[in-house]
Amino acid sequence: MLRSKICLCLTAPTLEQDVKLVEKYKNWIDLVELRVDCLNQDQQLLIREFPKMIDLPAILTIRRKSDGGNYTQGEGARTVLFAKGLSFATLDQKKNFAYIDMEEDFSIPSLEEAARAFGTRIIRSVHNISAPITNISELVKTIPHSSDEICKIAFMPKTLSDVTNLYREAKKIKNQDVILIAMGHYGVSTRILASKLGSLLTFTSPKQEDLIFTNKEFQEASSLQSPNSDSLKNETQTSAAPGQLDPITLSEVYNFKSINKDTKVFGVTGFPLAATKSPLIHNIGYREKGIDAVYIPIPAATPQDALNFAEELNITGLSVTVPHKETIRPYLSQISEVADAIGSTNTVMKQDNLWYGTNTDATGFSKALIEFLGKKNLRFCKVAIIGAGGAAKAVANAIRELGGKACIFNRTVEKAKELALQYKFKWAELSPQNNYILEKYSNLIIQTTSIGMTPKEDADPIPFYTFKGTESLFDVIYEPAETKLMKRAKESGCKTTNGYRMLIHQGTLQFKLYTGVDYPPLEGLSI
Ligand code: NAP
């Protein structure tokens, strides 16, 4: 097997809408899966025509509710639908379904014979949509009804350990065509690393906005039908299965088509690890530098789970984010001086078979600040650090290194004091009464609280402070790209920046640590 194929799951209510999706994504996909269980009932009668309507191989799937689909009409009706999909097969195989998905407990010999006779390959599947499947290497020997079938196993992991087990089990599978998927948030790596797993294909969904478009059209169409129609679907139905990525992200963020058995894996761990820009930063770097590596999200509830996963996949560089930056410490054999000073580890590496931790946030911030201010040190600069959480610890360390004098303001004043004492800075409670102190430390204001991340009206950590227009404001938040505070400062004539360059620099520093190669010049890269 060269590489896994990318399959787009089609879950629109009409064949015409499915064809539109195929057209839109055809440059990024190798085949499609027609989810007949998502089609309106009148459209289900027309499925035999579908392979002739597109230019790609198609899987015929009628997924039952119990397996995570929408089909509720019983096995008799489902058998008739399968027969419809296989009927009038032609010798031109492109006009037939290339594959048919039949579950392990579904056995209709006449259908199977009909499929084989005209070159439609059977995918024999097992789904557990609520719990993990563990004995995978044994199951692949017993699930297929005959040796020419592809064995598909899809399950819902409860923890990252269930996913780690899938990789362990996959290594034991020999000479058997398989499709292996861990669904949901924990299973996202299996969607990206299908080629490493030896999975014949990975399933993808259209981007959310294309599915909303589909559903809008569907709502209009369905409003013309009887409200009792069985074909009415849930308006909020989106991806075909939990955890699927869209084909464009898979190709362009994760370089899917260049991943093979030998591709080196790096990643970022945290929980819940909802949206992370780190894969984009690292994967662009590998592509530019021609490094055979991929960087993936690794959601893990505990640092131990993350490190076990890393051991199984031979990952030697792991970025760490909330909430594991502090809690990963006991699992590491050694940490750097800066990680020790900041009390937080965002970078973990395997060296001489031991885990070593360091922190690139402080240097990343420092680099971004120097770019922003256009000067290399903060002598004669009085700095206000707003907040005393994890980001503030990295910021305080960098300000000390750059020779600035700072005062730390925080809602919980004890935390401000503890951090300030470490660097011989001043501290104060974040409150209107201390506005006069803030004014004294206002050459450079560095905002490190999380308040500005929300679109709320009161998302301003220093509403009592009036900008004079001479201050420089660095807000470490990067989403939104402009916080309420930044907007207010800018309107008063201040120079402002957000935390995006800090994020990029901490990532490029990790890139060098993980690969030994300098990150490519940032100019011209679309990150
Ligand atoms: P954290 O450790 O949880 O600290 C949160 C800080 O915000 C604390 O100082 C906390 O004050 C303060 N805070 C939260 N809600 C508040 C409220 N309603 N009123 C007043 N103060 C409030 O979080 P973190 O890891 O430092 O992250 C903070 C922000 O920095 C996040 O937006 C994160 O995305 C961003 N960040 C950016 C980068 C980057 O590369 N650009 C890197 C790291 C973090 P108390 O101590 O009183 O609770």
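Which residue stands opposite F474 in β20? Select F474 and T497: T497 in β20 is the residue opposite F474.

This is a predicted model, in which local features need pLDDT of at least 70, side-chain atom pairs count only at pLDDT 80 or more, and totals for chains, interfaces and linings use all residues. Residues are numbered from 1 along each chain as its sequence is written, and side-chain values use heavy atoms, with hydrogens and water left out.

Next, show strand β19 (residues 472–475), which runs parallel to β20 and is joined to it by 3 bridges. Strands here are DSSP runs of E, at least two residues long, and helices are runs of H or I of at least four, numbered from the N terminus. Two strands pair if DSSP finds at least two bridges between them.

Now select the whole open sheet: its 6 strands pair in parallel, in the order β17-β16-β15-β18-β19-β20. Its edge strands, β17 (426–429) and β20 (495–497), each pair on one side only.

Add helix α18 (residues 413–423), which lies across β16 (405–410) and β17 and runs at about 175° to β17. Axes are lines fitted to C-alpha atoms, for helices over the stretch in contact (heavy atoms within 4.5 Å), and angles run from 0 to 180 degrees between N-to-C directions.

Finally, turn to the ligand. Select A391: one of its backbone N or O atoms lies 2.7 Å from an oxygen atom of the ligand. At V476, a backbone N or O atom is 2.9 Å from a ligand nitrogen atom.

Key
A polar contact is a pair of N or O atoms within 3.5 Å; within protein, one must be able to donate a hydrogen and the other to accept it, and residues adjacent in sequence count only if both atoms are side-chain atoms.
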